[in-house]
Amino acid sequence: MVTISFAEHTTDKENAKVKSSFDTLVALVGDGGKLLASAAALDKITGGAVKTAVAAGKFTGKKGQTLSIVAPHGLSAQRLVLLGIG
């Protein structure tokens, strides 16, 4: 059985780690690859992995598009999913 729950994540400014016990985090990205606040914060924590992943692929942030980053550096989550909202 799969359990899905939603919660706001927080960051620890001292060590730049996301405090969460989730396997997957989702961050929103606008059209043209514009990082919204959550995605920008996660990009900083991951040392630029979000911007690098967006730039390297065909992900443009169109509504419904997704891009998965597996084992992102700096996060305890196993996966970071970018969700395009247009």
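Colleague: What share of the contacts in the chain with a separation of 6 or more comes from residues 24 or more positions apart?

Modeller: Such residues account for 49% of those contacts, where contact means heavy atoms within 4.5 Å. The model is a predicted one, in which local features need pLDDT of at least 70 and side-chain atom pairs count only at pLDDT 80 or more, while totals for chains, interfaces and linings use all residues. Residues are numbered from 1 along each chain as its sequence is written, and side-chain values use heavy atoms, with hydrogens and water left out.

Colleague: Why is Thr46 called buried or exposed, and where is Thr46 found?

Modeller: Thr46 is found in the loop between helix 1 (37–45) and helix 2 (49–56), helices being DSSP runs of H or I with at least four residues and strands runs of E with at least two, numbered from the N terminus. Buried means under 20% relative accessible area, exposed over 50%, and partly exposed in between, with a 1.4 Å probe and protein chains only; Thr46 has a relative accessible area of 5% and is therefore buried.

Colleague: What makes the approaches of the Thr46 side chain to Asp43 and Ala49 polar contacts?

Modeller: A polar contact is a pair of N or O atoms within 3.5 Å; within protein, one must be able to donate a hydrogen and the other to accept it, and residues adjacent in sequence count only if both atoms are side-chain atoms. The side chain of Thr46 reaches the backbone oxygen of Asp43 at 3.2 Å and the backbone nitrogen of Ala49 at 3.4 Å. Leaving aside residues up to four places away in sequence, Thr46 also touches Pro72, His73 and Leu75.

Colleague: Why is Leu28 called partly exposed?

Modeller: Leu28, which is found in strand 3 (residues 24–30), has a relative accessible area of 33%, and because this lies between the cut-offs for buried and exposed, Leu28 counts as partly exposed.

Colleague: How do you know that strand 4 and strand 5 are edge strands?

Modeller: The open sheet of four strands has the order 4-3-6-5, with mixed pairing. Strand 4 (34–35) and strand 5 (66–70) each pair on one side only, and they are the edge strands.

Colleague: What makes strand 5 and strand 6 a pair?

Modeller: Two strands pair if DSSP finds at least two bridges between them, and five bridges join strand 5 to strand 6 (residues 79–84), so the requirement is met. These two strands run antiparallel, and Ile69 stands opposite Leu80 in strand 6.
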